[in-house]
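Dear colleague,

Please find the structure below, handed over for your study. A short account of what was found in it follows.

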Amino acid sequence: MSTGDDVTDSDMELHAQGSLYATTGPYFERAFPINERGGLIGRSRRCPVSLLHDCEVSHNHAVVEPNALAPGFCIRDIGSTFGTYLNDKRLSDPKRASESHKLKPGDTIKVGQTTLRWLPREHIEAAGWVLRLPRAPVERAPALAQAQAALARAHAKVCHAAAPVDLAVVGRRIEQLAHVEARRAAPTALGLRAEDEADWRGPLGGEGDT
């Protein structure tokens with residue numbers, strides 16, 4: 001499926017600068033990659049963040065765009081009917097465009113029935129390294145407890161602004177990025193290898209979905 005402007009989903013994954021994770025609504029646990037140019041949020045199939053099945057989202061609802069004043073991204077409502085909410089605060093009146101608002105790691109964007117959580121790529125990568133902490137042997141209960149404690153401390157440090165994000169979701173996202181980059185015969189940006197899979201999947205307590 002094309003995301004518009006002849007940019008494929010694989011291209012979006014490969015060049016993603018961050019992702020919007022759906023935490024509520026019809027697209028629960030779906031990850032939408034955002035590349036360096038940002039992207040539209042709306043019901044249109046051509047929007048990089050296409051929420052076709054959310055009836056309360058406008059055709060072109062809001063836009064994530066590069067911050068013109070500093071590194072990072074901003075969110076802006078572009079005249080939606082039901083509004084865009086950043087951390088539960090509405091950005092503009094109905095059918096009126098808003099000013100740009102800077103996005104911080106872990107910020108929530110609500111459009112229609114869908115809530116999206118913003119995580120820049122560096123936070124996803126940091127969480128990936130936490131997930132790849134060596135797994136202690138099951139038969140050594142004290143060592144296992146220490147490894148789990150280290151995982152919890154490291155996760156709190158690198159993802160303090162995005163604590164509500166489920167580590168299993170982040171783990172699946174990292175696996176997806178690695179798969180796309182492998183298919184493109186490019187070096188794996190996150191440093192994941194097939195033989196590492198058991199190590200980073202182990203702390204999640206299950207196999208998870210891909």
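The term pLDDT denotes the predictor's confidence in each residue, from 0 to 100, and a contact means heavy atoms within 4.5 Å. This is a predicted model, in which local features need pLDDT of at least 70 and side-chain atom pairs count only at pLDDT 80 or more, while totals for chains, interfaces and linings use all residues. Residues are numbered from 1 along each chain as its sequence is written, and side-chain values use heavy atoms, with hydrogens and water left out.

The protein has a mean pLDDT of 74, with 52% of its residues at 70 or more. For residues 1–7 the pLDDT is below 50, and the model gives this stretch 13 contacts beyond near neighbours in sequence. Residues 135–140 also stay under 50, with six contacts beyond four places in sequence. Where pLDDT is low, the predicted coordinates should not be read in detail.

The largest nonpolar core (buried Ala, Val, Leu, Ile, Met, Phe, Trp, Tyr and Cys residues joined through side-chain atoms within 4.5 Å) has 20 residues, of which Leu20, Ile41 and Ile75 touch the most other members. Strands (DSSP runs of E, at least two residues, numbered from the N terminus) that each supply at least two residues of this core include β1 (18–24) and β11 (114–120). Beyond four places in sequence, the contacts of leucine 20 include Phe32, Ile41 and Trp118.

Serine 44 lies in the loop between β3 (39–42) and β4 (49–50). Serine 44 counts as buried (under 20% relative accessible area, 1.4 Å probe, protein chains only) because its relative accessibility is 9%. A polar atom of its side chain lies 3.1 Å from the backbone nitrogen of arginine 46.

Yours sincerely

Technical notes:
Helix = DSSP H or I, 4+ residues; strand = E, 2+ residues; numbered from the N terminus. Buried < 20%, exposed > 50% of the residue type's maximum accessible area, 1.4 Å probe, protein only. Polar contact = N/O pair within 3.5 Å; in protein donor to acceptor, adjacent residues only side chain to side chain.
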